Amino acid sequence: MKQLFELAGLQPPATDDVTPFSDIKRFEERWHADPKFRSAYAQNPDCVGATFGLRVDPEVVRPIWDPEYSGRDESASLQVWVRYRDFQRRGSKHLLDACAAGQPADPRFVRWRQRQIYRANLEIGVSLTPNPHIPASFELSRGCSVGCWFCSLSPPKLDDVFQYTPEHARLWREILKVIGVLAGPAARRTICYSGTEPFDNPHYERFVADFVSAFGDVPFTSTAIPTRDVERTRRLLATSPAYRVRFSVLSVGALAKIHAAFSPEETLPVLFGLRNEGATDARYVNFAGRARDNVARYRKYQPGPPVISTPSCESGFKFNLTERTIRLVSPCAPDHRWPMGYRVYDEASFETGGDVARIVEGMMSRHMTRTVSDLPVLRFPSHLRCESISTGFALIGRRLRQRFEDTSDMPSMARLGELIASGRHNASAIVTLLDRECGVTRETATATLEELFHLGVLEEDPREPDRLLSN
């Protein structure tokens with residue numbers, strides 16, 4: 001197990017800490033997943049802990065279950081707890097650093113991706129666990145066998161998988177080569193599933209082996225069925241660096257099965273996504289996809305305002321190899337048009353690796369090389385409200401506010417904000433009006449518009465009525 005942390009580039013726990021850390025983590029999983037356990041534990045920690053097969057000393061985890069410990073100096077806790085918390089923090093930092101390392105190699109892709117990040121931050125807000133905006137994902141199935149009622153990406157029932165035949169393997173490797181060229185080292189952050197269950201494909205591990213050969217790293221895997229074939233899951237864990245596998249827990253019963261099948265030490269390098277009703281994280285389930293069709297059930301998870309975030313982690317290419325489709329997508333807040341929480345900028349079908357190379361290049365040329373002059377009309381996205389201020393204008397999103405103020409070169413930001421907010425002018429017309437009305441040079445006005453475009457505050461969806469895309 002310790003080598004899995006080393007494979008991830010992390011310092012593994014000391015030998016004497018492996019079992020204590022594993023026991024603390026298992027307690028946390030039960031605590032955060034099971035509301036009945038949370039209610040009962042403090043009444044008789046030793047008895048309740050033994051009932052659930054938990055080995056940890058209640059005193060070690062007192063900072064979790066004892067409300068009187070809230071706000072206390074952590075150094076007053078038992079030393080094994082202090083070491084465990086430091087171990088956790090290093091793991092969290094490792095995951096954040098991995099997100100930051102996701103920048104593609106192609107400069108066109110870099111600029112487009114950064115624009116999507118800025119736009120999404122204003123639309124959705126900034127999280128302590130930032131969206132990785134990975135360059136690509138690869139669906140190896142059509143549909144999903146699990147069928148979670150809240151699934152943000154709403155796949156249909158499983159009806160086909162992309163078999164690992166010689167022909168398919170050749171196409172798969174050609175696709176990986178295309179993505180490897182445009183994404184560079186960031187290609188290793190791509191994933192071999194998106195809205196489906198990776199273990200639905202009986203050859204998932206063979207596709208992963210090709211991924212490792214192409215990119216030199218193991219992809220992240222999230223599965224909701226880790227106990228369907230325990231030995232298969234165990235084999236995946238044995239070859240996956242720490243924190244590259246996540247178990248999505250859909251019920252307290254599912255957690256019990258996981259805990260019965262895998263020892264605490266086996267799951268120390270495994271992330272747990274607790275999605276069951278009553279879990280402490282359940283209130284963060286996105287109001288997207290199927291959740292929008294199950295409002296009454298969703299309110300049991302989130303009795304307050306719905307969580308308007310995004311389940312999407314791709315700012316790039318979403319492949320479905322079974323359907324032979326490619327989409328260029330980026331995260332957004334789910335709404336009536338994009339209920340699954342991602343925008344679709346382009347889509348196409350392919351048959352061969354040559355098709356993939358041509359299609360990807362075409363999408364990049366159409367969308368990633370855009371300048372503000374390419375937009376037919378300049379307007380602010382509907383999720384932003386423009387407000388005049390004394391020194392210019394402000395854009396207000398759901399959680400963020402960004403101000404754009406006058407400078408010595410550009411003293412007419414308030415007027416610029418008004419012109420864009422009207423949604424009636426293209427870049428050339430706005431440049432002309434600022435020159436005529438305010439004496440702003442054409443060069444300065446153009447540069448300012450380009451900067452606004454780069455910051456993601458200008459709507460780049462053409463909304464062509466005869467070619468509306470949907471997801």
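## Exercises on cavities, a pocket and a sheet

By the probe rule, this predicted model holds two cavities of 30 Å³ or more. Let's explore them, then move on to a pocket and a sheet.

### Exercise 1: The largest cavity

Find out how much space lies in the largest cavity, and which classes of residue line it.

**Solution.**
- Step 1. Start with the volume: the largest cavity holds about 50 Å³ of space.
- Step 2. Look for the lining in the structure. Leu-4 takes part, and so do Leu-237, Ser-240, Pro-241, Ala-242, Tyr-243, Arg-244, Val-245, Glu-266, Pro-269 and Val-270.
- Step 3. Sort these residues by class. Eight are nonpolar, one is polar and two are charged.

### Exercise 2: The second largest cavity

Name the residues that line the second largest cavity, and the helix that gives the most to this lining.

**Solution.**
- Step 1. The volume of this cavity is about 40 Å³.
- Step 2. Around the second largest cavity you will find Phe-5, Leu-10, Gln-11, Phe-87, Arg-90, Gly-91 and Tyr-243.
- Step 3. Helix H6, residues 79–100, gives the most to the lining, with three residues.
- Step 4. By class, the lining has four nonpolar residues, two polar and one charged.
- Step 5. Now look back at Exercise 1: Tyr-243 is listed for the largest cavity and also for the second largest.

### Exercise 3: The second largest pocket

Work out which residues lie closest to the centre of the second largest pocket, and which strand gives the largest share of its lining.

**Solution.**
- Step 1. The second largest pocket has a volume of about 410 Å³.
- Step 2. Its lining counts 23 residues, and those closest to the centre are Glu-139, Asn-320, Glu-323, Arg-327 and Tyr-342.
- Step 3. Two or more lining residues come from each of strands E2 (141–142), E7 (314–320), E8 (325–331) and E9 (342–349).
- Step 4. E9 gives the largest share, four residues.
- Step 5. The classes are seven nonpolar, ten polar and six charged.

### Exercise 4: A three-stranded sheet

Explain why one side of E4 and of E6 is left without a neighbour in the sheet.

**Solution.**
- Step 1. Write down the strand order of this open sheet: E4-E5-E6, with parallel pairing.
- Step 2. Strand E4 (221–223) and strand E6 (271–274) are at the edges and have a single partner strand each, so one side of each lacks a neighbour in the sheet.
- Step 3. On average, neighbouring strands here are turned by 20° against each other, direction ignored.
- Step 4. Check one pairing: E5 (residues 245–249) and E6 run parallel and are joined by four bridges. Val-249, for one, has Leu-274 of E6 as its bridge partner.

Notes. Residues are numbered from 1 along each chain as its sequence is written. This is a predicted model: local features need pLDDT of at least 70, side-chain atom pairs count only at pLDDT 80 or more; totals for chains, interfaces and linings use all residues. Side-chain values use heavy atoms; hydrogens and water are left out. Two strands pair if DSSP finds at least two bridges between them. Axes are lines fitted to C-alpha atoms, for helices over the stretch in contact, and angles run from 0 to 180 degrees between N-to-C directions. On a 1 Å grid over the protein atoms alone, a cavity is a set of points where a 1.4 Å probe fits but cannot get out, and a pocket is an open set with protein on both sides within 12 Å along at least five of seven lines; lining residues have an atom within 4 Å of a point. Grid points are joined across faces, edges and corners, and a volume is the space filled by probe spheres set on the points. Ala, Val, Leu, Ile, Met, Phe, Trp, Tyr, Cys and Pro count as nonpolar, Asp, Glu, Lys and Arg as charged, and the others, Gly among them, as polar.
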